[in-house]
Amino acid sequence: MTMTDVRVAPPAPEPEEVTDRARHERRLGLTLSAPAFLVMVFVTAYPLIYAVVLSLYNYRLTDPEGREFVGLRNYATVLTDSVWWSDFVTTLIITVASVAIELVLGFAFAFVMYRIIQGRSLVRTGILIPYGIVTVVSAYIWQFAFQLDSGFVNQWFGLGDFNFFGQRWSALFVIILSEIWKTTPFISLLLLAGLVQVPEEYQEAARVDGATPWQRLWRVTLPNMKAAIMVALLFRTLDAWRIFDNPFIMTRGANNTETLSFLAYRQNVTLVNLGTGSAVSVLLFLTVVIIAFIFVKGFRTDLSQVRGDR
Amino acid sequence: MNSLGKGSARRRLAAATVLALSAGLLTACGDDSGLPVITWYINPDNGGQGRLAERCAAEAGNTYKVDVQVLPNDASQQREQLVRRLAAKDSSIDVMSLDPPFVAEFANAEFLRPFDDADAAALTKDVLKGPLQTAYWKDQLVAAPFWANTQLLWYRKSVAQAAGVDPAAANFTWDEMIRTAESQKKVIGVQANRYEGYMVWINALVASAGGEIIGDVEAGKDAKPEINSPAGDDAARVIGDLARSAAAPPAMSTMGEEEARSAFQSDAGGFMVNWPYVYSAAKESVAGGGITQQVFDDIAWARYPRMAADKPSKPPLGGINLTIGAFSKHPEQALDLVKCATSLPNNVAYMLDAGNPAARGPAYDDPKVREAYPMAEVIRQSINDAGPRPITPYYNDVSTSVQITWHPATDVTAPATPEEAATFMSDVLLGKRLL
């Protein structure tokens, strides 16, 4: 960083020509990205603002005459209701458990994909297959595996007539398991990208200095791919936080397995309670923003890592 | 020359594309024959509605075609799909087979095309009183009763005989039934899982006791819960008593129609309230070796039990109403289809074909119906005197509030449970609590 500064500053050759070109490039860049920007505003900002407006009303889609402005009351209702907090805790449990386990597993997979020499593409494809399966399909697969009538899991482990979907913890266990199976490939792919960026010379230097493999992992590999790890964690956390498909298919939210996205869906789509539903959606959005903020500012996550350029 | 040729080629291509696209659009609404296509969204059945559709199109001289679209199995998912489409003003919805509790919600949102007086007279002629009540919203006919359903009291003759009671007697009450079952060490099959079937039971008890779950429904979300009343307390007392008695089936809190049936068919079975389908299901069970002919011969039926000996019961009401989508492009043909499908002859035909009881009274006088349904007269009476579930645009909220506060049945007490239900329901309606 300082080196480039030093090199650019003293000669200063024809500064006007450079700025002219830069200006052109900047204008070209803006022109090229303008259509995309406008489309983004149209498809993201408009619904977002509309949702915020709706959240200030007591409004049922099927009772248009009963529409009434209530200010922030919907937010107060949601935030003081036990349903929201129960769903919040459920979502938190699923997020923390699945992301933590996926990080460890994903790291192992990333190492395998990185180090393997024979059958490299076969292994890489094999690891990535679960990620290519539609979540609803994978939810059904896991549901069928654990269900009393069609499942084989109880038989394999001698669990008899244990109903996995009959109570909260066992149902959450299956949901988390399905999440892990489905998205570990994603996290390992991001970690693999980080892994290949650790210069081989560092490893060699450490080896020459007599570092054990364990020391090399903790002192050389991990610190050098910290940015990639943080990005992987951020993406997966945001993903897990918005979990919907698995509980929807497996339990329909019964036995306290409803997540925040599910609550928003139920208020908006099932009850067509657009006011409260929008308030839940906006609150969900705010929690996502907070998570992203904590990662980006708190842990200084460098998002440019995803692109693979350093 | 070259560029000119290219240009005209491009124009020709564009013209061809436009033609192809518009042809696609035309076929989408008109079919090759140019006949209007009426889309009928049905609840899943054994194909009976599809056969009715073909017959009706033929009777209309093939002036339209009917495209039958099957909705999901679950009534609440049927509603969800229809609401989502109608909220977007889907003009492809011409005719809908609608669960009666949702009629008020759809009508209030102006999703249904009301019938004019002349059509209303034809569509409601001889229709039994129960289903008729579910077809109106704000004094206007918005739905045509197609078929109706009700629950009967099913009992084992041997159990009644041993106890010396007559469940078919006019004044047979819930209290008497619970006492009898306890003394004979038998169970009573009911629907008490946290689902719509539980609401059906609670509503029937409240209605039979002379009350209602919610009143002043046209006030929308300001409607007044009436479940915290003597009638609601009576219902809570019966449900709590049964749940805490020896007459309660072991898995009562997760019991639906099918679980109740299998409990009733078991050795411990004494009584059950359930829909008439259980009779044909038991018959099939005999054929399949599930139960013996002896057990089948032991099964008898009577009208739904009373809450008070001197007050006739108001049995549960189910069924399907036919409605016309407000945004339909072919309302005339849709009306023709509705009139045809709900006609008396077709009521009879559908009852014999699909096994669903007719909405029009005279259908039960048909000799073939009498033959297929030995209990036809009780069904007709029950449907006529049935107490529909609350007719309110907020039905979903009302029903779910009741289910949540009254489940599990073992915790139901009077007057605490009805009080709690009333408060919760009103909070939910006013947007002060989440469901």
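How far apart do the end C-alpha atoms of residues 30-57 of chain A lie, and how much of that span is helix? I start there, with the reminder that what we are looking at is a predicted model. In this model those end C-alpha atoms lie 38 Å apart, and the span from 30 to 57 of chain A is 89% helix and 4% strand.

The reason for picking that stretch is its annotation: an unreviewed UniProt entry places the feature "transmembrane region" at several stretches of chain A, including residues 30-57 and 88-114. For residues 88-114 of chain A, the end C-alpha atoms are 37 Å apart, and here the span is 100% helix with 0% strand. The entry also gives the feature at residues 126-146, 169-196 and 271-296 of chain A.

Let me turn to chain B, whose secondary structure comes to 19 helices and 13 strands. Taken along the principal axes, the C-alpha atoms of chain B fill a box of roughly 100 × 55 × 45 Å, and of its 435 residues, 50% count as buried. If we take the contacts in chain B between residues at least 6 apart in sequence, 73% of them join residues at least 24 apart.

Finally, the place where the two chains touch: 18 residues of chain A and 17 residues of chain B take part in the contact. On the chain B side, α3 (75-87), α4 (103-108) and α18 (395-406) each supply at least two residues, and the largest share, four residues, comes from α3(B). By character, that side of chain B divides into seven charged, six nonpolar and four polar residues.

Key:
Residues are numbered from 1 along each chain as its sequence is written. Chains are lettered from A and ligands numbered from 1 in the order in which they are written. This is a predicted model: local features need pLDDT of at least 70, side-chain atom pairs count only at pLDDT 80 or more; totals for chains, interfaces and linings use all residues. Two residues are in contact if their C-beta atoms, placed from the backbone, lie within 7 Å. Ala, Val, Leu, Ile, Met, Phe, Trp, Tyr, Cys and Pro count as nonpolar, Asp, Glu, Lys and Arg as charged, and the others, Gly among them, as polar. A residue is buried if 20 or more other C-beta atoms lie within 10 Å of its own, exposed if 12 or fewer, and partly exposed in between; C-beta atoms are placed from the backbone. UniProt positions are given in the numbering used here, feature names are shortened, and annotations may be inferred rather than shown by experiment.
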